[in-house]
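Me: I have a structure in front of me and some terms that I do not yet know how to justify. Please take me through them.

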Amino acid sequence: MERAELALFFREGLFLPDMKARTKEEALEELVDLFVREHLVRNRGIVLEMLHKREALGSTGIGKGVAIPHGRTLAAPDIVIAFGRSRQGIEYDAMDGKPVHLFFLVLAPPQDQSNKYLPVLGKLVEMLSEDENCQKLMQVESFQEFIDVVVGEK
Amino acid sequence: MLRNQLEMLVALQDLDCMLREVEDVKALGFEVPGKVDLEKAREELARQISPPLLSTYERLRARYKRAIVPVKDNKCLGCFMRLPTSLGARGRKDEEVITCEGCGRILYWLD
Ligand SMILES: [Zn+2]
């Protein structure tokens with residue numbers, strides 16, 4: 001998957017550059033609420049429960065201030081990604097123990113016909129493993145600037 | 001009795017799906033230490049399922065993502081073949097393990 005294709009899974013309504021959450025729990029709720037507000041998720045509780053179960057198996061805080069909570073759920077009609085940023089950072093029980101600043105919440109239906117769920121996750125991990133991209137994402141001011149970073153254009 | 005076995009097999013299948021997802025995301029670089037607990041739960045569950053049923057399941061699982069599927073409106077929800085109504089009558093008796101004539105998957109009746 002190309003970065004330009006990855007960019008198609010984001011939406012302006014799921015872009016939250018100033019998260020209010022202070023805890024892991026609040027962070028997940030704040031991000032899921034974006035999906036609810038955009039009418040992409042009807043059953044908030046089911047999605048949160050699925051995400052908590054996933055976190056119980058191992059934190060999705062992959063280190064360097066990045067978390068990619070993810071999962072499949074009947075509550076999601078399509079693959080969609082929310083982006084959230086916390087300037088102060090949130091304790092997320094991440095692999096390196098550092099607070100998380102950049103959140104990418106990926107939801108997918110139980111069977112996505114296009115089989116894009118894993119490629120999407122893989123591309124995100126790859127993009128976020130580059131420090132330069134994370135630094136840029138800490139600076140973006142608008143959804144358009146955010147998308148430019150995802151696409152990878154200078 | 002058999003009903004109970006089939007229910008456990010469905011639970012086993014759910015666990016196997018979860019384990020597969022965990023494998024997939026591990027390959028992408030996520031750490032999933034809880035996987036060992038899932039595996040332990042799977043082992044315990046598998047031990048309670050009769051060996052012939054379990055081996056049928058394992059054999060089918062090599063071929064299909066879902067080896068045990070429900071029947072709805074006389075249709076196998078694995079391959080959507082229409083099944084003879086007599087099969088439904090036998091299946092609902094819970095006396096024998098019934099497999100789909102079309103795809104070979106293990107069947108259970110929801111109604
Ligand atoms: Zn069938």
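Reply: What follows takes the terms in turn, for a model that is predicted.

Me: What makes the arrangement around the zinc ion tetrahedral?

Reply: The 4 donor atoms subtend angles of 104 to 113° around the zinc ion. Four donors count as tetrahedral if all angles lie between 85 and 135 degrees. The angles of 104 to 113° satisfy that, so the arrangement is tetrahedral.

Me: Which residues are the protein donors of the zinc ion?

Reply: They are Cys76(B), Cys79(B), Cys100(B) and Cys103(B), each through its SG atom, and they lie 2.3 to 2.4 Å from the ion. A donor has to be within 2.8 Å of the metal, and distances of 2.3 to 2.4 Å meet that cut-off. Along the sequence, the spacing of the donor residues is C-x2-C-x20-C-x2-C.

Me: Is Cys76(B) buried or exposed, and how do you know?

Reply: The relative accessible area of Cys76(B) is 0%. Buried means under 20%, so Cys76(B) is buried.

Me: Why is Cys79(B) called partly exposed?

Reply: Cys79(B) has a relative accessibility of 32%. The class in between buried and exposed runs from the 20% cut-off to the 50% cut-off, and therefore Cys79(B) counts as partly exposed.

Me: Where is Cys79(B), and which residues does it touch?

Reply: Cys79(B) is in the loop between strand 2 (75-76) and helix 4 (85-92) of chain B. Leaving aside residues up to four places away in sequence, Cys79(B) touches Cys100(B), Gly102(B), Cys103(B) and Arg105(B). Two of these, Cys100(B) and Cys103(B), are also donors of the zinc ion. As for Cys17(B), it is 62 residues from Cys79(B) along the chain, and their C-alpha atoms are separated by 19 Å.

Me: What is the make-up of chain B?

Reply: Chain B has 4 helices and 3 strands. Starting at the N terminus, their order is α-α-α-β-β-α-β. The C-alpha atoms fill a box of roughly 50 × 25 × 25 Å along the principal axes. Of the 111 residues in chain B, 42% are buried. Among contacts in chain B with a separation of 6 or more, 57% are between residues 24 or more positions apart.

Me: Why is Arg59(B) called exposed?

Reply: Arg59(B), which is in helix 3 (residues 51-61) of chain B, has a relative accessible area of 54%. Exposed means over 50%, so Arg59(B) is exposed. Between Arg59(B) and Arg3(B) there are 20 Å in space, C-alpha to C-alpha, and they are 56 residues apart in sequence.

Me: What is notable about the phi of Asn74(B)?

Reply: Most residues other than glycine have a negative phi. Asn74(B) is not a glycine, yet its phi is positive, at about 65°. Asn74(B) is in the loop between strand 1 (68-72) and strand 2 of chain B. Its relative accessible area of 22% is not under 20% and not over 50%, so Asn74(B) is partly exposed.

Me: What is the phi of His39(A), and why is this residue called exposed?

Reply: The phi of His39(A) is positive, about 60°, and His39(A) is not a glycine either. The residue is in the loop between helix 2 (24-37) and helix 3 (44-57) of chain A. Its relative accessible area is 71%. The cut-off for exposed is over 50%, so His39(A) is exposed.

Me: Why is helix 5 of chain A called roughly antiparallel to helix 6 of chain A?

Reply: The axes of helix 5 (residues 131-139) and helix 6 (residues 143-151) of chain A cross at roughly 175° and come within 9 Å. Angles over 145 degrees count as roughly antiparallel, so helix 5 of chain A is roughly antiparallel to helix 6 of chain A. Helix 5 makes the contact through Asn133(A), Lys136(A), Leu137(A) and Gln139(A), and helix 6 through Glu145(A), Phe146(A) and Val149(A). By class, that contact has 3 nonpolar, 2 polar and 2 charged residues.

Me: How do you know that Glu132(A) is partly exposed?

Reply: Glu132(A), in helix 5 of chain A, has a relative accessibility of 43%. That value falls between the cut-offs of 20% and 50%, so Glu132(A) counts as partly exposed.

Conventions: Residues numbered from 1 in each chain as written. Chains lettered and ligands numbered in written order. Predicted model: local features only at pLDDT ≥ 70, side-chain atom pairs only at ≥ 80, totals over all residues. Heavy atoms only, no water. Axes fitted to C-alpha atoms, helices over the stretch in contact; angles between N-to-C directions. Helix = DSSP H or I, 4+ residues; strand = E, 2+ residues; numbered from the N terminus. Parallel < 35°, antiparallel > 145°, perpendicular 65-115°, else oblique. Contact = heavy atoms within 4.5 Å. Nonpolar A, V, L, I, M, F, W, Y, C, P; charged D, E, K, R; others polar. Donors = N, O, S within 2.8 Å, 3.2 Å for Na, K, Ca; no water. Tetrahedral: all angles 85-135°; square planar, octahedral: opposite > 155°, others 65-115°. Buried < 20%, exposed > 50% of the residue type's maximum accessible area, 1.4 Å probe, protein only.
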